[in-house]
Amino acid sequence: MLTREIFVNLILAALLLAVPLMANVFGQPFYVTLATRVAILALAATGLNLALGLGGLVSFGHAAFFGIGGYAAGILATHAFSGDPLLLGLSGTNQMPAIWLVAMLVAGLVGLLIGLISLRTSGVYFIMITLAFAQMVYYFAISWPAYGGEDGLSILVRNQFPGVNTMKPVSFFLICYVVLIVALGLFVLIRGSRFGSALQAARQNEVRVATVGIAPYRIRLTAFAISAALTGLAGALFADLNRFVSPSMLSWHMSGELIVLIILGGTGRLFGPLAGAALFVIFEYVLGGLTERWQFFLGLILLGTVLFARGGLLGLLAGKARHG
């Protein structure tokens, strides 16, 4: 059944695909890059949406996973270019599928370790402890001179994907777009599964979930680790987009940015991260061209969303969320 929300989602997916393709036809690679940025930020926010939207876990530390994915891409590419071995004699690689796998594994493992401690708290304590862990990772990156320290790490040549010229902006966009669609499909599968139902039930009333024999802690920990892995994947793509990795990817500002994307688009909505990312990038481009203080106006829009449109852009366009 083609519901109103599905129709809106299809329109958003079609627009994200059509705009950069048209821009490429008319020789405007800048807009292709903007669309690629939207797709990558939407992917990162989709990862957070799994924890926040479905599990009610307000994490202020997802920048750690985003940055870890970026550094995984940068470090592997650097060693592949120089030929120097990594730890235990392992070599680097410039192949995107291998880099994505490493980024997701490392980010997911770090997410699991952080979740083991953080998920023993709740509310504002959970927010602050995830922030604290993210800042620890941030300061570790700054004090790591082997990979640039405060100056960051350059990726001299964009990493490769089999059979695709990734140096072409439209080709790299299509890779990011497909990855985003796959991640959204995974979100749908998780949300519609028994695991997803248990995760949403734990968000509403963990005591009742525990009384029927389901451990809320394990459910949330699994969701948190999957969420971290998806955000790490987005970080690896973001590093390839900019061909540069810096500690700013690990900053608490990035964590806040991801939360803003979800609120703007619609918390827990399938295409909420995409809608929020599109709005954010448009505001950044349009308002940023008018004033250096464009974040002030973004703040006003965010305030209006919280007060008058709690369902975000998807709530305005598609109405109240209904999950089958």
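Guide: Contact here means heavy atoms within 4.5 Å. By that rule Ser246, leaving aside its neighbours within four places in sequence, is in contact with Tyr71 and Gly152. A word on the source: this is a predicted model, where local features need pLDDT of at least 70, side-chain atom pairs count only at pLDDT 80 or more, and totals for chains, interfaces and linings use all residues. Residues are numbered from 1 along each chain as its sequence is written, and side-chain values use heavy atoms, with hydrogens and water left out.

Visitor: Why is Ser246 called buried?

Guide: Buried means under 20% relative accessible area, exposed over 50%, and partly exposed in between (1.4 Å probe, protein chains only). Ser246 has 11% relative accessibility, so Ser246 counts as buried. You'll find Ser246 in the loop between strand 2 (244-245) and helix 10 (252-265).

Visitor: What makes the pairing of the Ser246 and Ser248 side chains a polar contact?

Guide: A polar contact is a pair of N or O atoms within 3.5 Å; within protein, one must be able to donate a hydrogen and the other to accept it, and residues adjacent in sequence count only if both atoms are side-chain atoms. The two serine side chains, of Ser246 and Ser248, make theirs at 2.5 Å.

Visitor: What about Leu16, buried or exposed?

Guide: Buried, because the relative accessible area of Leu16 is 8%. Leu16 sits in helix 1 (residues 4-25). Not counting residues up to four places away in sequence, Leu16 touches Ala35, Val38, Ala39, Phe173, Tyr177, Leu180 and Leu274.

Visitor: Why are helix 2 and helix 6 called roughly parallel?

Guide: Angles under 35 degrees count as roughly parallel, over 145 as roughly antiparallel, 65 to 115 as roughly perpendicular and the rest as oblique. Helix 2 (residues 29-54) and helix 6 (residues 169-192) pack at about 20°, with axes 9 Å apart, and are therefore roughly parallel. The residues of this contact divide into 20 nonpolar, three polar and one charged.

Visitor: And what makes helix 6 roughly antiparallel to helix 9?

Guide: The axes of helix 6 and helix 9 (residues 216-242) cross at roughly 170° and come within 11 Å. That angle makes the two helices, 6 and 9, roughly antiparallel. Helix 6 contributes Phe172, Cys176, Val179, Ala183, Leu186 and Ile190, while helix 9 brings Ile226, Leu230, Leu233, Leu237, Asp240 and Leu241. The tally for this contact of helix 6 with helix 9 is eleven nonpolar, no polar and one charged. Ala, Val, Leu, Ile, Met, Phe, Trp, Tyr, Cys and Pro count as nonpolar, Asp, Glu, Lys and Arg as charged, and the others, Gly among them, as polar.

Terms used. Axes are lines fitted to C-alpha atoms, for helices over the stretch in contact, and angles run from 0 to 180 degrees between N-to-C directions. Helices (H or I, at least four residues) and strands (E, at least two) are DSSP runs, numbered from the N terminus.
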